[in-house]
Amino acid sequence: MNNSLKTFLKHTAKDFHNQSVNPPVVRASTIIFKSMQHIRKTQAKAQKNPIGGHYDYGRQGTSTTHILQKILTKLEESYHVFTTPTGFGAVFLAIFSITRPGDEIILTDSVYSPTRILTQHFLKEFNIKAVFYDPHDLKTIEKNISKKTKLIFVENPGSNSFEFQDLGKIISIAKKNKILTAIDNTWATPYYFKPIKFGFDMSIVSATKYYSGHSDVMGGSLAVNKKVFNKVKTAERNTGLRLGPDDAYLITRGLRTLDVRLDRHSENAKKVAEFLSKNKKFKLLYPYKKDSYNFRMWKKYYSGASGLMGLKIKSKNTNSVKKFVNSLKLFGYGYSWGGFESLALHQEYRETGNRKYLNLAKDEHLVRLHIGLEDPSDLIADIKQALKHLK
Ligand SMILES: Cc1ncc(COP(=O)(O)O)c(C=O)c1O
């Protein structure tokens with residue numbers, strides 16, 4: 001029987017051996033064997049089939065982490081998924097697997113700011129050069145390709161600016177030039193867009209966000225195709241970047257309701273976006289305006305939109321912007337997103353970096369909203385009352 005993904009997520013990870021509907025949390029540094037021969041047999045199996053879930057030491061995972069990897073591999077429709085202690089760990093693992101001193105990486109100029117800092121500053125110390133392209137002018141990728149270019153790193157939509165790129169064009173540029181590709185797909189998750197199936201070599205998701213869904217755990221996933229598997233496996237083995245079993249369990253638990261939660265985040269965000277789009281005080285950064293390039297690019301490649309959006313506000317009265325954010329009662333103030341709850345964050349022009357699409361002027365502000373699972377009419381009423389303060 002070929003069940004849908006929604007059914008698969010509900011029925012996966014049952015433990016018939018222990019007669020439990022949920023898998024056990026297997027915590028182990030030492031993996032115990034019946035005999036020395038048993039160890040050798042397992043190691044031979046692992047050599048022959050490196051994605052088969054054979055392990056001889058806790059750093060390679062336990063049955064709990066392997067269950068999560070199996071679920072994610074199915075969700076991603078990828079060759080394999082590596083899991084890391086944080087989403088940013090997955091970003092690092094992807095880049096570290098592919099690049100060496102003397103190489104160059106081309107990245108979206110609106111990547112998540114720690115990704116920008118890692119590649120622009122930290123990797124510079126290892127003689128790895130980062131160049132950034134304009135997500136709405138892909139000729140800037142072609143212009144920057146050299147013999148040293150090893151990786152095109154995409155983030156879509158742009159971090160906090162939410163512009164969408166022509167992903168098909170990026171893949172064809174990369175293939176023509178025989179350059180590997182990675183995408184940070186945290187905003188959509190493979191529930192709304194499957195990068196490996198589409199042609200990317202690597203796909204990153206911060207499991208801290210929608211996968212876990214409850215703001216109580218950190219983790220990351222790096223899905224790969226067969227072509228890059230060995231490179232990533234080598235880097236993983238040599239860095240020890242591995243998710244622990246307790247965190248893996250929580251993420252597995254979250255994944256059971258990923259579809260239900262994302263569908264609701266999306267539905268709620270659409271209602272809030274409809275309300276926000278009527279307000280002339282700001283520009284809404286979310287795929288809603290049917291005649292816009294961003295909407296067309298989103299529609300072309302994605303089957304849905306998650307709950308994270310931005311407001312670009314022009315106001316000389318910074319205090320009024322802060323007052324608007326501070327007056328929200330149902331939105332918590334804090335970093336991260338993807339949990340059940342609504343969140344708000346205010347960013348000034350200095351914090352968004354040097355980027356083409358959303359280069360904030362001194363009198364411009366970005367307010368990021370994560371639309372949670374509350375009743376959307378309550379969220380709209382809350383935003384309405386807070387907007388009275390925006391001047
Ligand atoms: C788009 C994106 N990628 C990666 C990360 C990093 O994930 P983590 O916080 O799990 O390290 C974040 C975190 O906010 C993010 O927003």
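Colleague: Why is D259 called buried in this predicted model?

Modeller: Buried means under 20% relative accessible area, and D259 has 3%, so the word applies to D259.

Colleague: Where does D259 sit, and which residues does D259 touch beyond those up to four places away in sequence?

Modeller: D259 belongs to helix 12. Leaving out residues up to four places away in sequence, D259 touches K6, L9, K10 and Y191. Touching here requires heavy atoms within 4.5 Å.

Colleague: What covers the buried residues of helix 11?

Modeller: The cover includes helix 1 (5-11), helix 3 and helix 12 (258-276). The buried residues of helix 11, which spans 245-255, are P245, A248, Y249, I251, T252, G254 and L255.

Colleague: Let's try N156 then. Why does N156 count as buried?

Modeller: The cut-off is under 20% relative accessible area; N156 has 1%, so N156 is buried. N156 lies in the loop between strand 4 and helix 7 (167-176).

Colleague: What makes the approach of the N156 side chain to Y302 a polar contact?

Modeller: A polar contact needs a pair of N or O atoms within 3.5 Å, one able to donate a hydrogen and the other to accept it. The side chains of N156 and Y302 make such a contact at 2.9 Å. The N156 side chain also reaches the backbone nitrogen of Q165, at 3.0 Å. Apart from neighbours within four places in sequence, the residues in contact with N156 include E163, F164, I183, D184 and W187.

Colleague: D184 catches my eye. How close does the D184 side chain come to a nitrogen atom of the ligand?

Modeller: An N or O atom in the D184 side chain is 2.6 Å from that nitrogen. Set against the 3.5 Å limit for a pair of N or O atoms, the D184 pair falls within the limit. Backbone N or O atoms approach ligand oxygen atoms too: one of G87 at 2.8 Å, and one of F88 at 2.9 Å.

Colleague: How much of the ligand's own accessible area does the protein cover?

Modeller: The protein covers 90% of the 390 Å² that the ligand has on its own. There are 13 residues around the ligand, and G87, D184, S206, T208 and K209 come nearest.

Colleague: On to the sheets. What makes strand 1 and strand 3 edge strands?

Modeller: Strand 1 (80-84) and strand 3 (129-133) each pair on one side only. They belong to an open sheet of seven strands with mixed pairing and the order 1-7-6-5-4-2-3. On average, neighbouring strands of this sheet are turned by 20° against each other, direction ignored.

Colleague: How do you know that strand 2 and strand 4 are paired?

Modeller: Pairing takes at least two bridges, and four bridges join strand 2 (residues 104-108) to strand 4 (residues 149-155). These strands run parallel, with L107 opposite F153.

Colleague: Which strands of this sheet does helix 3 touch?

Modeller: Helix 3 (residues 63-76) packs on the sheet against strand 1, strand 6 (202-206) and strand 7 (220-224). The direction of helix 3 makes about 125° with that of strand 1.

Colleague: And the sheet of five strands: why do strand 8 and strand 10 stand at its edges?

Modeller: The order is 8-9-12-11-10, in an open sheet with mixed pairing. Strand 8 (282-285) and strand 10 (332-333) each have a single partner strand, so one side of each is left without a neighbour in the sheet. Strand 8 pairs with strand 9 (residues 308-314) in the antiparallel sense over four bridges, and L284 stands opposite L311.

Colleague: G332 is in strand 10. Why is G332 called partly exposed?

Modeller: Partly exposed covers the range between buried, under 20%, and exposed, over 50%. G332 has 29% relative accessibility, so that is where G332 falls. Beyond residues up to four places away in sequence, G332 touches S342, L343 and A344.

Colleague: What puts K322 in the partly exposed class?

Modeller: K322 has 33% relative accessibility, which is neither under 20% nor over 50%, so K322 counts as partly exposed. K322 lies in helix 14 (residues 318-326) and is in contact with H346 and E348, leaving aside neighbours within four places in sequence.

Technical notes: Residues are numbered from 1 along each chain as its sequence is written. This is a predicted model: local features need pLDDT of at least 70, side-chain atom pairs count only at pLDDT 80 or more; totals for chains, interfaces and linings use all residues. Side-chain values use heavy atoms; hydrogens and water are left out. Helices (H or I, at least four residues) and strands (E, at least two) are DSSP runs, numbered from the N terminus. Axes are lines fitted to C-alpha atoms, for helices over the stretch in contact, and angles run from 0 to 180 degrees between N-to-C directions. A residue is near a molecule or strand if one of its heavy atoms lies within 4 Å of it. Accessible areas come from the Shrake-Rupley method with a 1.4 Å probe; for residues, only the protein chains shown count as cover. Buried means under 20% relative accessible area, exposed over 50%, partly exposed in between (1.4 Å probe, protein chains only).
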